[in-house]
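Hi,

Here is the structure I promised to pass on. Have a look at it first, and my notes follow underneath.

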Number of protein chains: 2
Amino acid sequence: MRRVYMDNTASTPLLPEVLDAMLPFLKDTYGNPQSIHDWGDPARDAIEDARNKVASLIGGRPEEIIFTSSGTEANNMAIKGLAQAQQSKGRHVVISAIEHFSVLHSARTLEKQGFEVTLIPVDRHALIDPADVARVLRKDTVLVSIMHANAEVGTIQPIADIAKAVKEAGAVFHTDAVATVGTIPVDVNILGVDALSLAANPFYGPKGAAALWVRRGVRILPLMDGGVQENGRRPGTENVPAIVGMGMAAYVAESQMGPRIRQIVNLRDRLISGLLSSIDHMSLSGHPTRRLPGTASFLFEFIEGESMLMLMNQRGIAASSGSACTSRALKASHVLIAMGIPPQQAHGSLLFSLGIHNNEEDVDYVVASLPPIVHTLREMSPLYDKFMRGQRGGTEHANLQREGDGPLHESPECRGDPES
Amino acid sequence: MRRVYMDNTASTPLLPEVLDAMLPFLKDTYGNPQSIHDWGDPARDAIEDARNKVASLIGGRPEEIIFTSSGTEANNMAIKGLAQAQQSKGRHVVISAIEHFSVLHSARTLEKQGFEVTLIPVDRHALIDPADVARVLRKDTVLVSIMHANAEVGTIQPIADIAKAVKEAGAVFHTDAVATVGTIPVDVNILGVDALSLAANPFYGPKGAAALWVRRGVRILPLMDGGVQENGRRPGTENVPAIVGMGMAAYVAESQMGPRIRQIVNLRDRLISGLLSSIDHMSLSGHPTRRLPGTASFLFEFIEGESMLMLMNQRGIAASSGSACTSRALKASHVLIAMGIPPQQAHGSLLFSLGIHNNEEDVDYVVASLPPIVHTLREMSPLYDKFMRGQRGGTEHANLQREGDGPLHESPECRGDPES
C-alpha cells in the first residue's frame, strides 16, 4: 500500500543535511557552550553560526534571536514577557480569536494577573481586518499579538498593515510566525513587528528547537529564571544539536524557498481542484488566495473529520482535522468557530498539509482514495440520510447546516494539536 | 597530547546506545505523538516507554513524570508552579543558600509576587542541618526546596531527614536532584519528597531532555500555557528524540549504577589523594564523605581558578571553576560564599567532575600536570609573594586568608554555569 504523509503541520521529517549537521554534536563535540576550555569552543561557535543563519532567514540581527525549546515556549515568553515588561504603561493586550493556544491561554493567564484582553474577530476566510485592530487600540494598550498565518486553514494575515496601526498607537507588536518562517518569505522589517516566534520543525528542522526574535531596544522579561545563557534571557544549558539543526534547516530553507513554494503550491492546487471536482457537499476553508503554500483545508458536510482520518489511515494516508480534538474539551476548533462555521460543519474539517516530500502521485492517490471514504461515511450518517430525504421532500439544504450544535459523534480518544 | 575531560558537570557525551535509540526518531519515525494516524503511534509509544524508564529510575509512577526541556525549566516549574498552586494556604517559601540559580532566582521572582523566602544556611562542608529547616517552618510555609546534591562541591544533603520535618509542617517538599539522579541511587519514596527535578545529561543522556516528577495529588500550576501535552501540564510538541534518549540513558544508568559508582569513586579518590599529596596550600572543598561519586573539588590558595583552567586547557585537560564566572556579575560562587569561604579563596576553586569515560591514566596525567601549573601561577602571584615574604618574616598565614575581598584578577571573559 502507498503511504502518503500530508500532515506536515503536525510534524515534518528532518532533512538529511540537517541530521548530518547535528550528528557531530550528538557524538564527539559534546562540550557545554559555556565552558572555557577546548570542548566548549566548537559548541559555542556552532550556536553562534546557527544564530546567524536563523537571523538571516527572517532579516533580523543575530543578537536579537533567543533560542527556545518550542514555538509554544517562544509564544509564552512573548505574550507574558512583553506584556509584563511594559505594564507600567498599561495593561491592555490585543490578540486575535484564532491564535494558537500558547498565545490564547497565555493571554488568559495575563487576565488573571489583572490585564485586560481584547479578541479581534476574523471573517469567514479567517482574515483579520486591520481596521478592527486599529479600532480597539487604546492609550493603555501595551501589546498586540496577531499570528502571521494560521496553520489550520492556511490564511495569511496582513501583518504589515496591522503593524502600522499598532506602531502609531505606540504598542509592542508580536506575531506568531511558526507557520510561515521557512515556508514563505518572512522579513521582520517588512512586516514591521517588534517580536516574532518561529520554530524549526515546520521547515524540516528538529523538534525541540525554536526561537523568539525580539527587536533590539524592546523590553521583555524572561519566562524562566536561572543562568546567563541567551544573553540572560533564556537560561538552561543550550540544546546544541537541536540549535545546530535549526541553523542548517534555516540556511536550506532560505536558499530553496522559491523552488519549494512552486513545487508545493502546484501540488496543493492539484489536490484542491481534484477533491472539489470529485466530491459533493464540501468546500475549501480559509482564504481562497492568501494562504500557506502547503495548506489544503476543507469542510465536509454530514460526516466527521476524525472518522475520515481513521479510514484514510487504513489506506496509508496521514492528515489532520480541526474537528474536535485540538483540546481535551471535545469542542470544535476555535479557529473554525471564530470563522463563523457552525460547529456541526466544523466537525467535518480536514487538513492536508503538503511538504517538499510530496509528489503528484501522492496527490492523485489521495484524490482517488477520498471519494469512496466520504461515500462510505455518508452512507452511515443519519444527517446525510436526513438531508437526502429532505432533498426528495423539498427541504432546503441551508436549514440543515444550522440545525444543531452538537457533534455528530463523540470521538473515542482525543489527540491532534497542530502547530505547537 | 593526551586529552582528559573531567568536566562532566558541565556536559557529558551521549552513550552510543542512547544515540542509537534516538536515531530512528531523527530519521523515519518523525510523527507527532499527538497524531491519530500510523505516523504518530510509534512516537507516542516511545514516549510512554521512556516515561516508564525514567519513572523506574527514581521509583515514581510514569504518570507522575512531566518531561521538560532542561533541569532549569523543571526547577522553574517546580518553584513557581508549586508555590503558586498552594498560595491560598500561605506565601512562605524555604530554600537553601546553595541552590542552583534556577531555584534561587525563581524564588526571587516569587518574592516580587509577594511571597516571603527564607534561605537556609550551610556549614563549611556545604551541609544543611535538618534542624535549621525545621526551625523556620511556619503555618504559612507552603513550599520547601532543598537540592539533593550540589554539583559544585559534591555535598549530598540529608533529604529524608529534612523531608520528615517538612511533612510534619504540612508543606510541599521539592528537591533539585539534577546532580544525583542517574549518578547515585535516588528513590522518591525513600527521600520522602513531593516533587523532584532531574535532567538526562548528567547520566549520559541528551541535552534538551529533563523532567519534573510530581507526586500524584500534589497541586502544581504549569509554567507554560498551550496544548494538552504531558497531561496538560507542559505544552508544546514533544521533543521525541530527546525524550527517547533520556529513557534509554535512564535504563542504562539504573542497570549500571553499582559498577559505575565503584569505578568513579576509585578514580575520584585517586585524584584527590594524588593532588593533596603533591601540592601545598590547597584543600578539598565540600563534605569529606557525603559527596557525589565523581566530584573532586578544591580550593587553591594564592591563585585564580580561571587561570588554572586556561593552563590546564593548554595541556588538554578540561575542568571547571566556581571562581568567578557562574554569573556575569564576576562574583565568586554563591555556593562557596555560603560555605563561609572568603571570596579570595573562593576565586581559587577548581572542580574536576569525573565520569564513566575516565580511567587511571587520566587521573595520573592530571596529578602530574597540575603541580607545575600551580607553581607557575604562584610564581606570578603577588599574594603568594607576599605570603612567602611573610613566612620569612614570621607573619601568620591565617591573616592573609581574610585580607581582602576583591578578586585577584578580573577575568577577561565570563562563562561556565555548571549544572543547568
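Before you dig in, please keep in mind that this is a predicted model. I spent most of my time on the contact between the two chains and on the salt bridges, so those come up most below.

First, the interface. Across the contact between chain A and chain B there are two salt bridges. In one of them, Asp225(A) pairs with Lys80(B), with the closest N and O atoms 2.7 Å apart. There are also 24 residue pairs in polar contact across this interface. On the chain A side, the elements that each supply at least two residues are strand E1 (4-5), helix H1 (16-26), helix H3 (71-85), helix H4 (101-112), helix H9 (305-314) and strand E11 (317-318). H4(A) gives the largest share, with five residues. By type, the chain A side splits into 23 nonpolar, 30 polar and 15 charged residues. In total, 68 residues of chain A touch 68 residues of chain B. The area buried between chain A and chain B comes to about 5600 Å², and carbon and sulfur atoms account for 57% of that.

Next, the layout of chain A. This chain is divided into domain 1 (16-253) and domain 2 (382-414), and the centres of these two domains, taken over C-alpha atoms, are 42 Å apart.

Now the salt bridges, of which there are 36 over all chains. A few that I'd look at:

- Arg270(A) and Glu360(A) meet at 3.5 Å, N to O. Arg270(A) lies in helix H8 (residues 240-278) and Glu360(A) in helix H12 (residues 360-380), so this pair ties together parts of chain A that are 90 residues apart in sequence. Arg270(A) is partly exposed at 33% relative accessible area, and Glu360(A) is partly exposed at 41%.
- Glu64(A) and Arg61(A) pair at 3.1 Å, N to O. Glu64(A) is buried, at 3% relative accessibility, whereas Arg61(A) is partly exposed at 38%.
- Arg268(B) pairs with Asp269(B), with the closest N and O atoms 3.0 Å apart. Here Arg268(B) is buried at 8%, while Asp269(B) is partly exposed at 37%.
- Glu48(A), Arg51(A) and Glu230(A) are linked in a salt-bridge network.

One last spot, in chain B: Pro288(B) sits in the loop between strand E9 (282-284) and strand E10 (295-300). Pro288(B) is partly exposed, with 49% relative accessibility. Its C-alpha atom is 20 Å from that of Ile146(B), a residue 142 positions away along the chain.

Cheers

Terms used. Residues numbered from 1 in each chain as written. Chains lettered and ligands numbered in written order. Predicted model: local features only at pLDDT ≥ 70, side-chain atom pairs only at ≥ 80, totals over all residues. Heavy atoms only, no water. Domains from an automatic or database assignment. Contact = heavy atoms within 4.5 Å. Buried area = accessible area lost by both parts, 1.4 Å probe. Salt bridge = Lys/Arg side-chain N within 4 Å of Asp/Glu carboxyl O. Polar contact = N/O pair within 3.5 Å; in protein donor to acceptor, adjacent residues only side chain to side chain. Helix = DSSP H or I, 4+ residues; strand = E, 2+ residues; numbered from the N terminus. Nonpolar A, V, L, I, M, F, W, Y, C, P; charged D, E, K, R; others polar. Buried < 20%, exposed > 50% of the residue type's maximum accessible area, 1.4 Å probe, protein only.
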